[in-house]
Structure formats: structure tokens, C-alpha cells
Amino acid sequence: MPMTTADALHTLDQLIEHWEGEVVEFKEASNDYDTDRIGQYFSALSNEANLRNSDAAWLVFGVNDKTRTVTGSNYRPQRDRLDSLKHQISQNAGATFREIHEVDHTSGRVILFEIPPAPRGLPIPWKGHYWARAGQSLIALSDGKRDEIRAQTLRVDWTAAVVDGATLHDLDPAALARARDAYIARAGARVDEEVVRSWPIEVFTDRVGLTQSGAVTRTALLLVGKPESAWKLSPHPAQITWSLEGPERAYEHFKPPFLLTSSEVFQRIRNIRIRLLPTDQLVATEISKYDQRVVLEALHNCITHQDYTRDARIVVRELPDRLVFENEGSFYEGQPEEYASGTKRPRRYRNPFLAQAMVELNMIDSLGYGIHHMNREQARRYLPLPAYEIAESDVVRLTIFGGVVDTNYTAMLLTRTDLDFSDVLALDRVQKRLPIPDDAVYRLRRAGLIEGRRPNLHVAAAVAAAAGSQVDYIRTRAQDDEHYTKLVLDYLEKFGSCTRQEINRLLLDKLSDALTPQQKEAKIHNLLSKLRRKGLIETQGSRRSARWRLRNPDSAHS
């Protein structure tokens with residue numbers, strides 16, 4: 001259906017301002033454009049819209065793709081010739097434009113080709129070849145992407161199914177009111193608030209993806225359903241369980257509407273204030289134990305990604321120093337650490353219908369920034385970053401820390417506010433005794449942020465005084481080899497000779513506690529070999545009864 005002039009101009013402005021490369025393509029096309037090339041773009045943009053769960057893709061004529069400024073296009077100025085392109089595309093693609101919109105912009109005529117996403121399970125070809133996008137380039141649709149589209153017919157979105165016997169009367173009025181507020185807040189200037197509030201319930205719930213043509217879906221019951229209607233989802237339990245574990249124990253079950261009860265779960269958590277003392281300061285930094293946005297982000301992620309077909313609850317366990325969130329189903333795409341830096345974007349969800357509704361209701365971010373935001377917020381509060389674990393039973397376990405794990409790490413964040421976030425991510429892995437890449441080890445060591453040797457790296461204690469861990473730091477700090485060399489040479493100079501066992505007794509308790517017993521033995525062996533190669537010491541006697549002595553006592557400390 002053609003847009004009004006105002007709608008078309010608004011859509012054009014939105015595409016230019018919020019351009020996403022793989023589903024939008026701008027071309028100047030000042031006079032003409034090759035039809036075969038248009039067909040290739042139709043195939044590529046339609047396939048990418050499918051893979052990204054986009055409602056539509058757009059090919060735009062009359063806009064410069066580099067400057068994103070309107071230049072105007074004289075492509076097929078007659079409307080009947082423009083409409084004939086639909087038939088040409090359909091003959092070779094098996095599909096065609098949803099609509100072709102003409103926009104009379106102040107800087108010239110702009111044509112918006114609205115391209116529908118490829119149908120589930122069916123990639124769109126052009127003349128027998130399947131196309132995709134790589135940045136601004138057209139490329140052949142990869143086998144992986146083609147398989148991903150074709151496999152869609154094998155997957156069933158549990159959350160999109162219509163619930164037999166459920167009606168709009170099963171939806172909670174308070175939750176629906178909150179849903180309208182959330183939708184208006186997210187949409188901002190894109191919608192007229194009075195118009196949204198005037199929509200009947202069935203219109204509003206269809207618009208935000210809670211219902212299908214007024215029919216109540218499982219998504220609707222989960223997010224805005226009445227508690228007493230949750231039984232209609234049986235045998236799949238729609239429930240969040242909070243449990244308090246430690247010296248005191250308690251628990252409570254929360255039913256839908258999850259749009260409201262997720263906040264009630266947060267209210268059960270004991271969110272006291274904690275104090276952190278920076279180096280050389282008498283005034284402590286005071287923060288809340290848990291940040292509400294971080295907790296709700298974690299809980300909403302559980303709701304989004306839960307595999308409801310496994311008939312299990314979402315569990316939130318409150319321990320004295322941390323929160324542990326558990327939801328059924330392995331991590332659906334990629335690994336958690338890939339999202340921490342904010343560079344990875346999810347291409348698909350386990351529950352796409354539910355996920356899209358939660359995006360519309362401002363509960364989650366569709367671009368995968370949620371994990372990145374949680375990491376940023378924890379770092380801003382000087383606490384350990386969230387930790388993910390995939391259990392053997394395909395349960396995702398997320399831990400949000402409410403206290404200090406490594407005092408050196410926390411002290412480092414308190415005093416070094418200039419740290420790059422990539423360094424914070426690496427330091428957090430160091431404090432948790434997790435491996436980090438070689439380039440990160442080199443960078444952090446060079447900056448004096450870490451010490452020790454693999455696998456016993458630790459955050460440097462340049463600010464350890466504030467954390468009260470000076471003794472632990474001295475016991476884990478590695479001394480220079482010159483220090484141990486002097487101990488051995490002084491010992492031999494005083495006693496003349498000694499066995500390897502005596503050297504071990506001399507050095508073992510002085511080596512860093514970050515080293516294992518085997519690593520300590522190896523370090524002593526390497527130290528003695530180094531002194532022998534320098535001609536400072538030598539062995540006397542058979543291998544079993546060998547004794548070490550100075551080779552030239554007069555030059556031992558020269």
C-alpha cells in the first residue's frame with residue numbers, strides 16, 4: 001500500500017539517519033539503472049532481511065551512498081514504467097517489491113523500493129543465483145547463510161503459537177498499561193502518543209507483536225498475561241523462582257505478567273550499600289551492591305532465551321556476594337565473551353516472536369548490546385564483570401557479582417579511570433584465573449597492570465595498600481633473577497659448597513606463591529644452569545652426590 005507523502009518523507013529520513021548496511025542500499029541512479037543489477041540487490045536485500053528478522057529491506061534511488069544526501073533520481077519517471085519493474089523482478093526472482101514509493105523531496109525525486117524478507121526456509125534467487133551482502137558489496141549467498149534460511153522450516157517458534165482458548169480477557173490491564181507506556185517511551189518522536197493511547201487493545205497488541213490478528217499468543221501470556229491465566233501454557237511452567245541461599249534461606253515463585261513481575265523479583269533482592277576505599281584517600285566510594293538495570297537486563301535475557309519446551313523454571317539464586325541467573329537452553333548464537341566488547345550482533349534468536357515483542361516493549365536491545373552494557377556498568381562500579389557458564393545439561397548460568405573478588409583489580413579500577421575497556425575485560429579474566437591472548441598479556445605487562453608468569457598471572461598491586469593486601473602481594477610478586485642469584489652466591493661463598501636439596505631449602509619458600517611446586521623446581525634448575533653457563537658455579541662429584549661450589553670465589557660478586 002503506497003505511503004502518504006508525510007510517511008514517505010519520514011521513512012526516508014529514518015533510513016538515512018539509522019542506516020543499517022545489510023538491509024538498506026542507497027544509489028544515486030540519476031537517469032537509469034541496470035535492471036539485472038536491481039534484481040541482484042533484490043535477492044541480496046531480501047535474504048539479509050530474513051536473516052536479520054527485519055520487517056523489510058530498502059533499495060533507495062536518488063541518495064548518495066557515501067554522503068547520505070539527497071541528489072534526486074530520474075529513473076523511470078513514468079509511474080506505469082516504474083510499476084512494470086515489479087513484474088520484471090517477479091519473473092526472475094519468484095517474488096517482487098512489496099511497494100515502490102515515490103518521494104518528492106526538496107532536493108529532488110527519491111524512489112523507495114520496499115523489499116519483503118525472504119520467506120522462512122526459502123532464500124530468494126535472481127536468475128538462479130542467490131545473493132547476499134558483505135558491507136556495501138554484493139556477494140554470493142554463502143552455504144552457511146543458505147542453510148540457515150532453509151533450516152528455518154525445521155525450527156518452530158514456541159513463543160509465536162496461538163494459545164487455544166485464550167482471549168484478550170486473559171491479559172492483565174495493569175501490564176497492558178505499562179506496555180503502552182514502554183512502547184511510547186521507546187518509539188519517541190516516531191509515534192503520536194495520543195494516537196497510540198487511542199488504539200483498541202487488539203490493535204495495540206498486534207502492533208507490538210503480542211497477538212496475531214487479535215489471537216493471544218504464548219508471548220502475550222508470558223509478558224502481559226494474568227497470573228490466573230498462566231495455566232493455559234501447561235505443561236510448560238511460566239515461572240521465575242527467586243531463592244535466598246546462605247545463613248538465611250527463603251524463596252518465592254513469580255508468575256506472569258513478566259513485564260511487571262521481573263521488577264518484583266528485583267525488589268526481593270537485598271540490595272545494601274557497600275563501601276570501597278581508593279588508594280591514599282580517606283573518603284570511601286559507596287555504591288549499591290547491585291545495579292537495577294544490570295539485574296533486569298540479566299533477568300530479561302533469561303526470559304528471552306529460555307527454552308520453554310524443556311518444561312523448567314527460570315531461577316534467580318541470591319548468595320551473600322553474588323546473584324546467579326539460570327535459564328534452560330545453551331547459548332543460542334556465538335559465545336558470551338564475543339558480546340562483552342559490544343562488537344558482535346546476534347543474527348537470530350531461539351524465540352524470535354518473543355524477542356521482537358520485548359524489543360518493542362523496551363525490555364531488551366535487539367542489537368545485542370545487553371551483555372556489553374552489563375559489563376560496562378559493573379566496571380563503572382569497580383566490581384567484577386558478569387561471568388557466564390554453560391552447564392553440561394545445556395543450562396546457561398550467569399553470575400552478577402555484588403562484592404570484590406580480587407582487591408587488586410578493584411583498587412586498579414578505582415585509581416586508573418583511564419583504562420581502555422579492552423584492558424578492563426582482560427584484567428577481569430586475569431582476576432578470575434582465566435586465560436587471555438598473547439597480545440593482551442604483552443600489553444598489560446608493558447603497562448604494569450599484571451605480574452607473574454602463565455598460568456599464574458595476577459593483577460599488579462601498585463595500589464594494593466588501599467585494598468589491604470600488601471602481604472599477599474609480596475608473597476605472589478616475582479622477584480628479579482638477580483635477587484635469587486645473589487642468595488645462591490652468598491650462600492656458596494659462606495659455606496663453600498652445598499647440595500641441590502640445600503639450594504632448594506634456601507629458595508623454595510622465597511619464590512612467588514603464584515608458582516606451582518613443579519614450576520618452582522624448574523625455576524631453580526634454570527637459575528643454576530644459567531649461573532653455570534656464565535662460569536660462576538660448577539658441580540663436583542657424581543650426579544647423585546654432586547655438590548655445587550663457586551668456580552672462582554674471588555669473582556663471585558664482580
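Reader: Which backbone oxygen lies 3.0 Å from a polar atom of the side chain of S529?

Author: A polar contact is a pair of N or O atoms within 3.5 Å; within protein, one must be able to donate a hydrogen and the other to accept it, and residues adjacent in sequence count only if both atoms are side-chain atoms. Here the partner is the backbone oxygen of H525, 3.0 Å from a polar atom of the S529 side chain. S529 sits in helix 21 (residues 517-533). Helices are DSSP runs of H or I, at least four residues, and strands are runs of E, at least two, numbered from the N terminus. This is a predicted model: local features need pLDDT of at least 70, side-chain atom pairs count only at pLDDT 80 or more, and totals for chains, interfaces and linings use all residues. Residues are numbered from 1 along each chain as its sequence is written, and side-chain values use heavy atoms, with hydrogens and water left out.

Reader: Is S529 buried or exposed?

Author: Buried means under 20% relative accessible area, exposed over 50%, partly exposed in between (1.4 Å probe, protein chains only). S529 has 13%, so it is buried.

Reader: How many residues of helix 10 are buried?

Author: 11 of its 14. Among them are V294, E297, H300 and C302. At the start of helix 10, a side-chain oxygen of D291 comes within 3.0 Å of the backbone nitrogen of R293.

Reader: What span should helix 10 have?

Author: The expected span is 1.5 Å times one less than the number of residues. For the 14 residues of helix 10 (residues 292-305) that gives 20 Å, and the end C-alpha atoms are 20 Å apart, which agrees.

Reader: Where do helix 2 and helix 3 meet?

Author: Contact means heavy atoms within 4.5 Å. T35, I38, G39 and F42 of helix 2 meet L85, Q88, I89 and A93 of helix 3. Five of the contact residues are nonpolar, three polar and none charged. Ala, Val, Leu, Ile, Met, Phe, Trp, Tyr, Cys and Pro count as nonpolar, Asp, Glu, Lys and Arg as charged, the others, Gly among them, as polar.

Reader: Which residues follow a cis peptide bond?

Author: P235 is joined to S234 by one, with omega about 15°. P257 is joined to P256 by another, with omega near 5°. P235 lies in the loop between helix 8 and strand 10. P257 lies in the loop between strand 11 and helix 9.

Reader: What is phi for A29 and for S213?

Author: A29 has a positive phi of about 45° although not a glycine. S213 has phi near 55°. A29 is buried at 8% relative accessibility, whereas S213 is exposed at 75%.
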